[in-house]
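Reader: I have a structure open and would like to go through it with you. Can we start with how the helices sit on the strands?

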Amino acid sequence: MPDDSPNSWEARAAANSFYGFTDLPTIAQRGTVVLTGGEGPYVTDVHGRRYLDANSGLWNMVAGFDHPGLTQAAKDQYDRFPGYHAFFGRMSDQTVLLSEKLIEVSPYSEGRVFYTNSGSEANDTLVKMLWFLNAHEGKPEKRKILTRKNGYHGVTAVSASMTGKPYNSVFGLPLPGFIHLTCPHYWREGQEGESEEAFVDRLVAELEETIATEGADTIAAFVAEPVMGAGGVIPAPMSYFNKIQPVLQKHGIPLISDEVICGFGRTGHAWGAEAYGFTPDAIISSKNLTAGFFPMGAIILGPELSDRLQKASESIEEFPHGFTASGHPVGCAIALKAIEVIMEGADGNPPLIDNVRRITPAFEAGLKRLAQKDNIGEARGMGLMGAVEAVQDKATKLPFPGSLSVSERIANACTDQGLICRPLGQAVVLCPPFIMTDDQMDEMFSKLETALDLVF
Ligand code: PLP
């Protein structure tokens, strides 16, 4: 229960801060959790209560909250050179090093990287790049963006338009020209008697029809998360991308992989695209890129888009776009360290991605165990991202009614147990940090199970 004395942290948080993505009546009733510190996968609030963060902050604090190598990389770079942008013909040495590293770990033998401060800005920038490029190449109509219902790509006006969530209608979004195709969630969207393969074929047919109706020359890109995150952790069927991509290629439409959550190890692979066995035309990265230690996003352009963009920009002298902190040297130094920590192993420690692979079977087993419960309709996931979806009735998949969603009630019960997890629609999402031990994994599932038993 919150401390509701007028000078409490909870009251002060409520008085002066405006929350996004927050159920305000719940906050009014329960107060805000005001956090002061973290250790490994745990965070501590102003009252000294400790929570196991099964959400890795917001999918991003994958190396935990106190990684010494990452804080040292930040301190060293702040001492050396605390900030500079990456334009007007200048960039920091750290930015050069990071771009080289990103191409090295990407599926591309060559390409170019552009830096932003967030995943939303990276998606927004990508769209501007394509609009500019197509107009320059004599196709000014080639502007529409295909994404999927339930996909999440950010909150700027463009990236929110890419996002396939109905809540954006409060802003009068999406903007015209953003088309949302069916969510590739077989359990919810598959028709009665339809096999998973037939479901995928139906989505491919929908794509073909959409391209035929809209005209390939009006479509700039298809942008997709390999595993949808904020949509409730929805892995597409395994054959989905390999069937979608040839259709896009046939019509000259680039496939962009939004790897903001999946990239750098979340699925047990370097990229979500790698997990599905496809090579996108460009990659959108953020979050794990700096293990959450710095706000940064990046667009990694594969060779073809990179060359075309370079030529188009040369011919008008400059690509008129960039953020004050684009390619910030501290962010780049942290990202270089984060990639080492996650993918290569640093300071005598094995790469964190090894631990992701090691603990994934226990994670999957824990999810499957929860799926045995009467009110859990589906447990799903890939690598270290998972969700359990609550239903009133397993057979009909009927969701729970009520203004405070059942997942919100489960997440609140988790908080009371000292576990942070995220309610998303009717699902509760788990995306633990990559450093999780076996004991912490047990703690996470046992607390979630207690919370489920309290709610149902
Ligand atoms: N793309 C995906 C797949 C995301 O999950 C997110 C954020 O959760 C974004 C884009 C937007 O990133 P940001 O919140 O850094 O703007």
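Author: This is a predicted model. Helix α12, residues 303-315, lies across β4, β11 and β12.

Reader: At what angle does α12 run to β12?

Author: At about 95°. Helix α6 also lies across β4, β11 and β12, along with β5, β7 and β10, and runs at about 35° to β12.

Reader: What is the strand order in the sheet?

Author: The order is β4-β12-β11-β10-β7-β5-β6. That is an open sheet of 7 strands with mixed pairing.

Reader: Why is one side of β4 and of β6 left without a neighbour?

Author: Both stand at the edges and each has a single partner strand, so nothing in the sheet flanks the other side. On average, neighbouring strands are turned by 20° against each other, direction ignored.

Reader: β11 and β12: parallel or antiparallel?

Author: Antiparallel, joined by 4 bridges. I284 stands opposite I299 in β12.

Reader: Switching to the ligand. Which residues are closest?

Author: S118, G119, S120, G154 and V260, out of 14 that surround the ligand. Helix α6 gives the largest share of that shell, 3 residues. By class the shell has 4 nonpolar, 8 polar and 2 charged residues.

Reader: And the domains, where are they cut?

Author: Domain 1 is 33-66 + 351-455, and domain 2 is 70-344. Between them, 27 residues of domain 1 are in contact with 24 residues of domain 2.

Reader: Which element gives the most to the domain 1 side?

Author: α14, with 5 residues. That side has 16 nonpolar, 7 polar and 4 charged residues.

How values were computed:
Residues are numbered from 1 along each chain as its sequence is written. This is a predicted model: local features need pLDDT of at least 70, side-chain atom pairs count only at pLDDT 80 or more; totals for chains, interfaces and linings use all residues. A residue is near a molecule or strand if its C-beta atom, placed from the backbone, lies within 6 Å of it. Helices (H or I, at least four residues) and strands (E, at least two) are DSSP runs, numbered from the N terminus. Ala, Val, Leu, Ile, Met, Phe, Trp, Tyr, Cys and Pro count as nonpolar, Asp, Glu, Lys and Arg as charged, and the others, Gly among them, as polar. Domain bounds come from an automatic or database domain assignment. Two residues are in contact if their C-beta atoms, placed from the backbone, lie within 7 Å. Two strands pair if DSSP finds at least two bridges between them. Axes are lines fitted to C-alpha atoms, for helices over the stretch in contact, and angles run from 0 to 180 degrees between N-to-C directions.
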